[in-house]
Amino acid sequence: MKKYIVETYYTCTFKTVHNLNNLDDAELSKIDQRTDGEVEVIDVKLNNRKTKKLGDKKDVKTKDNNIKKVLATQDANPIRTKNSDKNKPLELKVKNNSRFKMPDRRKGYIQKAQIGDHKVYLHTGEYDDGKIGEIFIDTNKEGELVKAMMNNFAIAISLGLQYGVPLDEYVDAFIDTKFEPSGNVIGNDRILSASSILDYVFRELAISYLGKEDLAHTPSIASSKNINSENGDDKFLKIVKNITSKGFVRSNYEEKLVDLSDVRINLKTKN
């Protein structure tokens with residue numbers, strides 16, 4: 001008589017519950033180091049099941065002994081449940097899947113350019129600190145299918161940015177992609193040619209928000225002075241940074257400021 005052994009693989013889903021005295025940033029930053037969490041098993045799913053043919057009785061006995069040893073070690077280190085000892089160490093990491101939504105009233109800029117015979121309008125939205133959080137791409141001379149694909153592609157990129165995907169990853173993925181329309185770029189002072197719409201869009205975003213001057217075709221006219229240093233920033237410059245678009249000025253706040261200290265305006269009222 002042939003005998004078989006069945007191997008079953010399961011996936012256990014559980015959650016960790018911590019009791020916090022104060023809900024603040026200090027407590028949340030130390031949540032990974034806490035050892036007083038309680039584990040509650042939520043669900044156990046069957047992943048895979050395999051059968052193996054067993055040999056003679058001697059082999060069966062040795063395999064049974066191995067199974068008993070494994071079960072003994074598992075019994076010695078059981079999974080802690082809600083009613084288990086709280087003093088035992090717990091090594092679990094909490095994964096953060098929170099989305100950083102854009103403010104209702106946001107900053108940004110619109111860049112119009114022409115690639116070949118196609119016009120491209122790039123709209124950006126920024127957080128209060130100047131980081132990019134969304135993009136919109138509009139084109140002309142395109143069918144409804146292409147426009148819908150570009151709009152949904154921009155939505156996907158925006159969602160990724162709001163969930164914490166670095167802009168560098170998108171730039172590395174889409175720079176130098178090649179498809180039509182391509183060729184000379186008209187209307188952008190830093191980009192003179194592009195191999196595709198995506199190459200142009202992420203080249204523009206990399207220059208404006210990441211400061212990657214190696215992707216530009218023309219040199220920057222900005223000064224080499226570091227305007228991010230705390231010593232050089234006065235109160236007025238900080239206010240300007242809060243109300244202007246970082247992408248629009250390409251971080252060159254001092255170059256874009258206009259000195260109106262010597263301008264005098266006379267307001268005369270009509271009698």
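Colleague: Which residues does Thr139 touch, not counting residues up to four places away in sequence?
Modeller: Thr139 touches Lys119, Val120, Lys147 and Ile197. Contact means that heavy atoms lie within 4.5 Å.

Colleague: What kind of model is this?
Modeller: This is a predicted model, where local features need pLDDT of at least 70, side-chain atom pairs count only at pLDDT 80 or more, and totals for chains, interfaces and linings use all residues. Residues are numbered from 1 along each chain as its sequence is written, and side-chain values use heavy atoms, with hydrogens and water left out.

Colleague: Why is Thr139 called buried?
Modeller: Its relative accessibility is 12%. Buried means under 20% relative accessible area, exposed means over 50%, and partly exposed lies in between, with a 1.4 Å probe and protein chains only. The value of 12% falls under the 20% limit, so Thr139 counts as buried.

Colleague: Where does Thr139 sit?
Modeller: Thr139 is in strand β5. Strands are DSSP runs of E with at least two residues, helices are runs of H or I with at least four, and both are numbered from the N terminus. The protein chain has eight helices and seven strands by that rule.

Colleague: What makes β5 an edge strand?
Modeller: Start with the sheet. Five strands form an open sheet in the order β5-β4-β3-β6-β7, with antiparallel pairing. β5 (132-139) and β7 (193-194) each have a single partner strand, so one side of each is left without a neighbour in the sheet.

Colleague: How do you know that β6 and β7 pair?
Modeller: Two strands pair if DSSP finds at least two bridges between them. Two bridges join β6 (residues 183-186) to β7, so the criterion is met. The two strands run antiparallel. Gly183 stands opposite Ala194 in β7.

Colleague: Which helix packs on the sheet?
Modeller: Helix α5 (residues 197-209) does. It touches β3 (110-115), β4 (118-126), β5, β6 and β7. The direction of α5 makes about 40° with that of β4. Axes are lines fitted to C-alpha atoms, for helices over the stretch in contact, and angles run from 0 to 180 degrees between N-to-C directions.

Colleague: What makes Arg106 and Glu134 a salt bridge?
Modeller: The N to O distance is 2.7 Å. A salt bridge needs a side-chain nitrogen of Lys or Arg within 4 Å of a carboxyl oxygen of Asp or Glu. The 2.7 Å separation passes, so the pair counts. Arg106 is in the loop between α2 and β3, Glu134 is in strand β5, and the two are 28 residues apart.

Colleague: Is Arg106 buried or partly exposed, and which is Glu134?
Modeller: Arg106 has 35% relative accessibility and counts as partly exposed. Glu134 has a relative accessible area of 11% and is buried.

Colleague: Why does the bridge of Arg190 with Glu213 tie parts of the chain together?
Modeller: The closest N and O atoms of Arg190 and Glu213 are 2.5 Å apart. Arg190 lies in the loop between β6 and β7 and Glu213 in the loop between α5 and α6 (235-243), so the pair ties together parts that are 23 residues apart in sequence. Arg190 is buried at 6%. Glu213 is partly exposed at 37%.

Colleague: Where do Arg203 and Asp199 lie?
Modeller: Both lie in helix α5, four residues apart, about one turn of the helix. Their salt bridge has closest N and O atoms 3.0 Å apart. Arg203 and Asp199 are both buried. Asp176 joins them in a network of salt bridges. The structure holds five salt bridges.

Colleague: What makes Gly108 partly exposed?
Modeller: Its relative accessibility of 32% lies between the two limits, so Gly108 counts as partly exposed. Gly108 is in the loop between α2 (57-76) and β3. Beyond four places in sequence, Gly108 touches Thr124, Glu126 and Ser245.

Colleague: Which residues make the nonpolar surface patch?
Modeller: Tyr10, Phe14, Val41, Val44 and Leu46 make a patch of about 470 Å². Patch residues have over 30% relative accessible area and no salt bridge; like charges are joined within 9 Å, and nonpolar side chains (Val, Leu, Ile, Met, Phe, Trp, Tyr) within 5 Å. Val41 is at 42% relative accessibility, so it passes the 30% cut-off. Strand β2 gives the largest share, three residues.

Notes
Accessible areas come from the Shrake-Rupley method with a 1.4 Å probe; for residues, only the protein chains shown count as cover.
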